[in-house]
Amino acid sequence: MLRHIPTHLIAGPLGAGKTSTLRALLKQRPAGERWAVLINEFGQIGLDLALLQDAAGNGVHLAEIAGGCLCCVNGAPFQIGLARLLRQAQPDRLFIEPSGLGHPRTLLAQLSRSPWNEVLAVQPCVTVLDASALARGAALPPSQHDALALAELLVMNKSEALDAAQRASLTERFADHRLYWTQQGELPIDQLPGIARRAGGTGDPAEPVAEPPRLWLDPTQPQCDVQSQVEGWSMGWRWHPSQRLVRERLLDWLGTLAWQRAKLVFQDDGGRWLSGNATAPDAVMLRPSEWRRDSRIELIFDRPQDASALSAGMLACRQA
């Protein structure tokens, strides 16, 4: 097992662009380096792994912990998931993306203690922020605001429409931090704090972490999971790979719902695999996806919803 693995926490509130920033970094991985990525999602279905799949090459190992936030770091799912990922991937570098509804400060404190302090070398935190939303007066969630003091770099995402006065105002507001202005989560790898740090020891490559198989009693019916916590409420669906969703019907249905976050990867009625990742009030924009395993949709709301009505709407999107 490698020791003192450089570990980068990519934090930030819901919808700021953490996954986009990870995608950009994965595409810049130096040849010959093995990277591991541990993704935490609030919902149970797990979409970020699918959304990152096309950016990950043979030297990147992805693992996912769904359902809740990694602030519950003493729980068995986190301990087992991280240990398994490190053992199988033997990475030269580790990235952790906690849920946007989580508590980065608590997670960083735990990673700096035993048993992880001898295994991981935690680097200064990177926090991804929605610069456009901040310029409009949006407030950071308390957990994310509390973690700002631990961040060395603030990735000011979605900043393309800001004028000079708005940038100056945000620069003054975050004067204690280094800012990087960008869009679509693009971050040059040389801007990543701790990128020069190297792990000690050696290790052999291993097979990627496998997702446990799911059994399908009826391929025409999706598997559904609901997650309810203080931070929010989510509902997700996973469809059998043989099933297709009518694209226009799906987008129209999503447009009728008051979700905070929508993430999806699916095979449409034309046989194309598409993905989308949107935060309210933005419309869901689709792009081609390399994912081929199954179709997944996850919606996060700020309060509990009528699960039966949502499931009926989801079923109506299936191609007969």
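User: Where in the chain is Gln90 found?

Analyst: In this predicted model, Gln90 is found in the loop between α3 (76-89) and β4. Its backbone deserves attention, since phi of Gln90 is near 45°, a positive value in a residue other than glycine.

User: Is Gln90 buried or exposed?

Analyst: The idea is to compare the relative accessible area with a cut-off: a residue under 20% is called buried. Gln90 has a relative accessible area of 10%, so it is buried.

User: Which value does phi take in Lys158, and where is the place of this residue?

Analyst: Lys158 is not a glycine, yet its phi is positive, about 55°. The residue sits in the loop between β7 (151-157) and α7 (164-173). With 25% relative accessibility, Lys158 counts as partly exposed.

User: I should like to turn to the sheet. How do strands of a sheet pair?

Analyst: Strands of a sheet pair through backbone hydrogen bonds, and the pairing is either parallel or antiparallel. In this structure, an open sheet of six strands follows the order β9-β10-β14-β11-β12-β13, and the pairing is antiparallel. β9 (223-229) and β13 each have a single partner strand and stand at the edges, so one side of each is left without a neighbour in the sheet. From one strand to the next, the twist averages 15°.

User: How many bridges join strand β11 and β12?

Analyst: Strand β11 (residues 261-267) pairs with β12 over seven bridges, in the antiparallel sense. One of the positions to inspect is Arg261, whose bridge partner in β12 is Thr279. The hairpin of these two strands has five residues between them, and within it Gly271 takes a positive phi near 85°.

User: What joins β12 to β13?

Analyst: A hairpin does so, through six residues. The strands β12 and β13 (residues 286-288) run antiparallel and are joined by three bridges. Here Ser275 stands opposite Arg287 in β13.

User: How many residues of strand β12 are buried?

Analyst: Strand β12 (residues 273-279) has seven residues, and six of them are buried, which leaves the strand mostly covered.

User: Which strands does helix α8 lie across?

Analyst: Helix α8 (residues 247-254) lies across β10 (232-239), β11, β12, β13 and β14 (295-301). Its direction is at about 170° to β11.

User: Let us consider charged side chains. How many salt bridges does the count come to?

Analyst: A salt bridge is recognised when a side-chain nitrogen of Lys or Arg is within 4 Å of a carboxyl oxygen of Asp or Glu. By this rule the count is nine. One of them brings together the side chains of Glu33 and Arg93, with an N to O distance of 3.8 Å. This pair links distant parts of the chain, 60 residues apart: Glu33 lies in the loop between α1 (18-26) and β2 (35-41), and Arg93 in strand β4 (residues 93-97).

User: Are Glu33 and Arg93 buried or exposed?

Analyst: Glu33 is buried, at a relative accessible area of 12%. Arg93 is also buried, at 1%.

User: Which residues does Asp294 meet in salt bridges?

Analyst: The side chain of Asp294 meets that of Arg238 in a salt bridge of 3.7 Å, N to O. Asp294 is in the loop between β13 and β14 and Arg238 is in strand β10, so this pair links parts of the chain that are 56 residues apart. Asp294 has a relative accessible area of 5% and is buried; Arg238, at 4% relative accessibility, counts as buried too. Asp294 also forms a salt bridge with Arg296, where the closest N and O atoms are 2.8 Å apart. Both Asp294 and Arg296 are buried.

User: Which residues do salt bridges that share partners join into one network?

Analyst: Glu33, Arg93 and Arg198 are joined in this way.

User: Finally, how many aromatic pairs does the structure hold?

Analyst: The structure holds three aromatic pairs. For the rings of Trp35 and Phe95, the centres are 4.9 Å apart and the planes stand at 50°, so the pair is tilted. Trp35 lies in strand β2 and Phe95 in strand β4, so the pair ties together parts that are 60 residues apart in sequence. Trp35 and Phe95 are both buried.

Methods:
Residues numbered from 1 in each chain as written. Predicted model: local features only at pLDDT ≥ 70, side-chain atom pairs only at ≥ 80, totals over all residues. Heavy atoms only, no water. Buried < 20%, exposed > 50% of the residue type's maximum accessible area, 1.4 Å probe, protein only. Helix = DSSP H or I, 4+ residues; strand = E, 2+ residues; numbered from the N terminus. Pairing = 2+ DSSP bridges. Axes fitted to C-alpha atoms, helices over the stretch in contact; angles between N-to-C directions. Contact = heavy atoms within 4.5 Å. Phe/Tyr/Trp six-rings, centres within 6.5 Å; stacked < 30°, edge-to-face > 60°.
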